[in-house]
Amino acid sequence: MDLSFRKCFASKKESWRSVVLLAYQSLGVVYGDLSISPLYVFRSTFAEDIQHSETNEEIFGVLSFVFWTLTLVPLIKYVFIVLRADDNGEGGTFALYSLLCRHAKVSLLPNRQLADEALSTYKLEHPPEKNHDSRLKRYLENHKSLHTALLVLVLLGTCMVIGDGILTPAISVFSAVSGLELSMSKEHHEYAVIPITCFILVCLFALQHFGTHRIGFVFAPVILTWLLCISGVGLYNIIKWNPYVYKALSPKYMFMFLRKTRISGWMSLGGILLCITGSEAMFADLGHFSYAAIQIAFTFLVYPALILAYMGQAAYLSRHHHSAHKIGFYVSVPPSVKWPVLVIAILASVVGSQAIITGTFSIINQSQSLGCFPRVKVIHTSAKIHGQIYIPEINWILMILCIAVTIGFRNVKHLGNASGLAVMAVMLVTTCLMSLVILICWHKPPVLALGFLLFFGSIELLYFSASLTKFREGAWLPILLALFLMTVMFVWHYATVKKYEYALHNKVSLEWLLALGPSLGISRVPGIGLVFSDLTSGIPVNFSRFVTNLPAFHRVLVFVCVKSVPVPYVPPAERYLVGRVGPVDHRSYRCIVRYGYRDVHQDIDSFEAELVSRLADFIRYDWHRRRTHQGGGTHEQDDPSRSVRSNESSSESRLAVIGTLAYEIEESPQQESVSVGFTTVESISDVIEMGRQSPPPSNAVKRVQFAVEEEGEEMELRGEMEELMMAKEAGTAFILGHSHVKAKKGSSLLKRLAVNFGYNFLRRNCRGPDVALKVPPVSLLEVGMVYVV
């Protein structure tokens, strides 16, 4: 008894150690942007709209606003509510959208399958029940225009995050370097700060290709040192200058502030909201850490340190009534520690910028996976740490725009106005999506969802409206960027969906494929032919065009569909969905490769080897399955009266997932468990089978395990395996469509501009599918196709 107690205590101690370690590591990745906000909040707030007076009503009112904003938005909204809406441990805008797509039929992904719902990561927090089928859910599902509106809302949030990736490095580094103004004249300061800021930004973006894992070990100590530094300076200023500054935390000072400053005070809220920049990172980076780690780090370290920092600045300014341009972070730093604080501030600003740059890469990769962004080259910088990526084109575009913004604006005020509007737009999108999640996914009463939307939405709308008043003073930039990016993303997504619809309506029947033979002058050549398309059934039109122009195709033919599903990750054991196309002796197969929106796509060498291995496993499985059904040798564990049922009536056999988990999805009304055993076990694979006729019942899950014997294999199986290996030795050809899309006659002017010019311009100037798949040029066969949409 004592031993078991000790073991339990030791495991709990170890788990707490890991949580605390994760909390420490999250400081450098998650809280870099949020922790450097004291550098520019007071300076942006008192830039023009309000003046610091002898009564201290303005400074105390701003402090009260900062305190309650930090308490309500990052602490209550994100830490205690939004972080619970994770998608298999992942967070962010796409995680909320993924949850909604799984709980309601609102997804616009073109090639959805019932088999996707059998994925182990396709879990529902609360299984759908009729009494939970709300009116709002039915209304959303029945109106296609609302599906588009929901996608536009998600894209808006995505575009604002990308815009924040441009603005945050600029304002963070510029604010940190501006501390030099206290040690040089104004003339020298103007000529020194901009070049130094641009130099640091160039170095920051130039180091991105190394990956954050190479320099990430210094991130957490830098932010920890920075948080201890600002909290120590804040505590020093409170004790020395105004120990009673805590009284300003009362909400009454907010009303006193607005009553005195009126419209100018409302406009100054655009500077106050900068205190919560980076709050969205807590949710977006949830997948790298854990809910408990992020909650502990913010509640017990980041939040108190920020409050002490702002209180310290307010205490100092309450006894020093300088002119407005002197208000800032560095004036409250004691002269004896000014230079060490400046160095730490610059390092912390670099760390904070790194976090948002990495987040921008991640969200663009997610957008690309869901067909909402043109194809770009994605480099995975770490083989051990999942999700650390580098996108060269985006990196250099961000660098150029960051430098252009820094040189163009030249002051914290305009940078703050632009950054503030982007931040509040993202938060408003999260609030809207979260209210839908509360109602549709969590099945909470509509009153709670409406209360969440109204309470936090009204706070964020207040700040958002204040940011809009700064439209001509910098706030126009994120709006312009969002409009441009949304146009690009929506045009790309629209044309991609239309291309899929055209391919679906023009696909070729299986009978056409089976009719191809020597009588028609068609020959089969050695090797494996991988025909890529977006179709999950039928013969793609690009293959018919290929055979028409070149009357030959490979001895082993595989129709490959690489698709994304609305989950963050697909387990490797469930990634490959394999089936036959036509009879056994035709040697044609279908392989659907499924990726989540955060998955790492395989390089072509490992993909080719993995595909052949999965085909071999499928051939063994299919041969034993057919032999079992023909011989009636099914062995039931739960119910001997039931047997594994197959669906051979369709022209294409059912697709099977070859992996390490053993379960099938069948159409039987009751749960079954079947085990097929053999004398000699060489390898074990497991299967998920999905019929295509109708959605399976929720309880139609059957556990199946099959074994494969090497010795004594029949000639049919041996012959098919030998043909596969010989085809592999002969070489693999990758057959891809080289598409040109044009609007059909009679289309509107807007559609013709979007498709004929917009989409085709993007297609010509982004990575092709062969580059995205890393296909070697010597193995590539491109088939020209014109899609009339």
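The points below concern the overall make-up, the salt bridges and one surface patch of this predicted model.

1. Overall make-up. The chain contains 25 helices and 14 strands, and of its 789 residues 57% are buried. Its accessible surface amounts to about 33,400 Å², and carbon and sulfur atoms account for 62% of that area.

2. Contacts along the chain. When contacts between residues at least 6 apart in sequence are considered, 84% of them join residues that are at least 24 apart, and two of the salt bridges described below also link distant parts of the chain.

3. Salt bridges in general. Side chains of opposite charge can pair when their charged atoms come close. The structure holds 13 salt bridges, and a reader going through them should note that E57, E58 and K260 are linked in a network.

4. D622 and R580. The side chains of these two residues meet in a salt bridge with an N to O distance of 2.6 Å. The pair connects distant parts of the chain, since D622 belongs to helix 22 (residues 604-631) and R580 to strand 5 (residues 576-580), with their positions 42 residues apart in the numbering. Both D622 and R580 are buried.

5. E723 and R555. Here the salt bridge has an N to O distance of 3.7 Å, and it joins helix 23 (residues 715-730), which carries E723, to strand 4 (residues 552-564), which carries R555, the two residues being 168 apart. E723 counts as partly exposed because its relative accessibility is 24%, and R555 is likewise classed as partly exposed because its value is 30%.

6. K498 and E501. This salt bridge, in which the closest N and O atoms are 3.5 Å apart, lies within helix 19, where the two residues are three positions apart, or about one turn of the helix. Are K498 and E501 buried or exposed? Neither term applies, because K498, at 24% relative accessibility, counts as partly exposed, and E501, with a relative accessible area of 29%, is partly exposed as well.

7. A nonpolar surface patch. F471, W476 and L480 form a nonpolar patch on the surface, and together they present about 290 Å² of accessible area. F471 sits in the loop between helix 18 (446-468) and helix 19 (476-505), and it counts as partly exposed because its relative accessibility is 40%. Helix 19 is also the helix that holds the K498 and E501 pair discussed in the previous point.

Terms used
Residues are numbered from 1 along each chain as its sequence is written. This is a predicted model: local features need pLDDT of at least 70, side-chain atom pairs count only at pLDDT 80 or more; totals for chains, interfaces and linings use all residues. Side-chain values use heavy atoms; hydrogens and water are left out. Patches are made of residues with over 30% relative accessible area and no salt bridge: like charges are joined within 9 Å, nonpolar side chains (Val, Leu, Ile, Met, Phe, Trp, Tyr) within 5 Å. Accessible areas come from the Shrake-Rupley method with a 1.4 Å probe; for residues, only the protein chains shown count as cover. A salt bridge is a side-chain nitrogen of Lys or Arg within 4 Å of a carboxyl oxygen of Asp or Glu. Helices (H or I, at least four residues) and strands (E, at least two) are DSSP runs, numbered from the N terminus. Buried means under 20% relative accessible area, exposed over 50%, partly exposed in between (1.4 Å probe, protein chains only). Contact means heavy atoms within 4.5 Å.
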